[in-house]
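Got a few minutes for a quick tour of a model? Have the sequence and the coordinates open, and let's walk through them together.

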Amino acid sequence: MVLSEQDILSRAQAAFLGLAVGDALGATTEFMTPAEIRSRFKVHHKIVGGGWLHLKPGQVTDDTQMSLAIARALLQAGRWDLPGIADGFVAWMKSKPVDIGATCRRGIRDYMLSGRLESPCNEWDAGNGAVMRMAPIALFCFGDDEMLERCALAQARLTHNHAYSDAACIAVGRMVQQALRGAHRHTLHAITRDLTSVHPKFRFNDYRGHAGAYVVETMQTVFHYLFTTGSFEECLTGVVNQGGDADTTGAIAGMIAGAHYGLEAIPRRWVRRLDGAVREEVLDAAPRLVGLSPWAQRREESE
Ligand code: MN
Ligand code: MN
């Protein structure tokens, strides 16, 4: 399938909006068990806020806020700018965010104290905190696989340095990019097979229902629901009702499923409920990030 430029830009918006919607929806059930979610909501499928962070309906958390920090830095620089991203994380941390992961906090604090842009390799860094920020990177690097790998790892290692986090960041970036091109879900599944052939731990064909912040569990949850459902709504509902790190599994599933199913597939009632300023910013940033990508530059040159 060859998509028009307009289709690709609209799918880019769906990826970024899907991330924010998944975060806002999943934050309600973060750290709950599936049984607790069932007894409380039967099925959780409304953006109602609450959760352990006591959020307003539609409020987003670190997953969306750190992604927006990356987007702002890249759009302001008009090019790749890792120190700019790190400075954006610092400004965000100083703004007293509602939530911040321990690994992210440590990485940002290290940068503030030492200017270091790469956390040292750490066996405890196999959390999902770098993968949740991949949407703006996938859009900015659209059309260049090698650049995607380079930028994915650079942004990830501001806070997380672990082979599983690295591999998951690249796989998610590729899936978003393929989905922007309108690739069939078989192509997305092939990317998971590339991942599991190198790191068999990510295999998800006998998914056990663990949905924690360990990046292996996070990705298994996302992959399981992505490939066993047939719509954005079904995929996201499945993921967030699994509990655990539900805002982050929601965010990651949201960026892939958003790009895959497109803007019209994101339920209106979720889009309406999302924080208005966040909604405007992600919809504005997504096409501008793609506008900076190698794909867009090639199009300009060929015109
Ligand atoms: Mn979060
Ligand atoms: Mn989370």
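What follows is a short briefing, sorted by topic.

Keep in mind that this is a predicted model. The main stop is a pair of manganese ions, ligand 1 and ligand 2, which sit 3.5 Å apart and are both coordinated by aspartate 247. After that come a buried threonine, the nonpolar core, the cysteines, and some salt bridges.

**The manganese pair**

- The manganese ion (ligand 1) takes its protein donors from Thr61 (OG1), Asp62 (OD), Asp63 (OD) and Asp247 (OD), at 2.0 to 2.3 Å.
- Written as a sequence pattern, the donor residues of ligand 1 read T-D-D-x183-D.
- Aspartate 62 sits in helix H3 (residues 62-77) and aspartate 247 in helix H12, so this pair ties together parts that lie 185 residues apart in sequence.
- Aspartate 62 counts as buried, with a relative accessible area of 6%, and aspartate 247 is buried too, at 0%.
- Over at the manganese ion (ligand 2), the coordinating residues are Glu30 (OE), Asp245 (OD), Asp247 (OD) and Thr248 (OG1), at 2.1 to 2.7 Å.
- For ligand 2 the spacing of donor residues along the sequence is E-x214-D-x1-D-T.
- Glutamate 30 comes from the loop between H1 and H2, while aspartate 245 comes from the loop between helix H11 (232-240) and helix H12 (246-261), so the two tie together parts 215 residues apart in sequence.
- Glutamate 30 and aspartate 245 are both buried.

**Threonine 29**

- Where does threonine 29 lie? You'll find threonine 29 in the loop between helix H1 (5-26) and helix H2 (34-41).
- Threonine 29 counts as buried because its relative accessibility is 0%.
- Its side chain reaches the backbone oxygen of valine 240, at 2.8 Å.
- Setting aside neighbours within four places in sequence, the contacts of threonine 29 are Ile37, Phe41, His44, Val240, Gly243, Gly244 and Ala246.

**The nonpolar core and helix H1**

- As a general backdrop, nonpolar side chains in soluble globular proteins tend to be buried together.
- Here the largest nonpolar core has 103 residues, and Phe16, Val176, Met219 and Ile256 have the most contacts inside it.
- Helix H1 gives the most to this core, with 12 residues.
- Not counting residues up to four places away in sequence, valine 176 touches Ala15, Ala138, Leu139, Met255, Ile256 and Ala259.
- Serine 10 is also found in helix H1, and with 22% relative accessibility serine 10 counts as partly exposed.
- The C-alpha atom of serine 10 is separated by 8.5 Å from that of alanine 286, although the two residues are 276 apart along the chain.

**Cysteines**

- How many disulfides turn up in a search of the whole structure? The search finds zero.
- Cysteine 169 is in no disulfide, and the nearest cysteine sulfur, in cysteine 104, is 11 Å away.
- Cysteine 169 is buried, at 0% relative accessibility.
- The closest cysteine sulfur to that of cysteine 235 belongs to cysteine 169, and at 19 Å it is too far for a bond.
- Cysteine 235 is buried as well, with a relative accessible area of 0%.

**Salt bridges**

- The count comes to 13 salt bridges.
- One of them joins the side chains of glutamate 146 and arginine 150, at 3.4 Å from N to O.
- Glutamate 146 and arginine 150 are about one helical turn apart, because they are four residues apart in helix H7 (residues 145-156).
- Glutamate 146 counts as exposed, at 55% relative accessibility.
- Glutamate 264 pairs with arginine 268, with the closest N and O atoms 3.1 Å apart.
- Is that pair buried or exposed? Glutamate 264 is exposed at 66%, and arginine 268 is exposed at 59%.
- Aspartate 284 and arginine 288 meet in a salt bridge at 2.8 Å, N to O.
- Aspartate 284 and arginine 288 are four residues apart in helix H14 (residues 276-291), which means about one helical turn separates them.
- Aspartate 284 is partly exposed at 40%, and arginine 288 is partly exposed at 42%.
- Salt bridges with shared partners also link Glu118, Arg157 and Asp166 into one network.

Conventions. Residues are numbered from 1 along each chain as its sequence is written. Chains are lettered from A and ligands numbered from 1 in the order in which they are written. This is a predicted model: local features need pLDDT of at least 70, side-chain atom pairs count only at pLDDT 80 or more; totals for chains, interfaces and linings use all residues. Side-chain values use heavy atoms; hydrogens and water are left out. Buried means under 20% relative accessible area, exposed over 50%, partly exposed in between (1.4 Å probe, protein chains only). A polar contact is a pair of N or O atoms within 3.5 Å; within protein, one must be able to donate a hydrogen and the other to accept it, and residues adjacent in sequence count only if both atoms are side-chain atoms. Contact means heavy atoms within 4.5 Å. Donors are N, O and S atoms within 2.8 Å of the metal (3.2 Å for Na, K and Ca); water is not among the atoms, so sites may look incomplete. A disulfide is a pair of cysteine sulfur atoms within 2.5 Å. A nonpolar core is a set of buried Ala, Val, Leu, Ile, Met, Phe, Trp, Tyr and Cys residues joined through side-chain atoms within 4.5 Å. A salt bridge is a side-chain nitrogen of Lys or Arg within 4 Å of a carboxyl oxygen of Asp or Glu.
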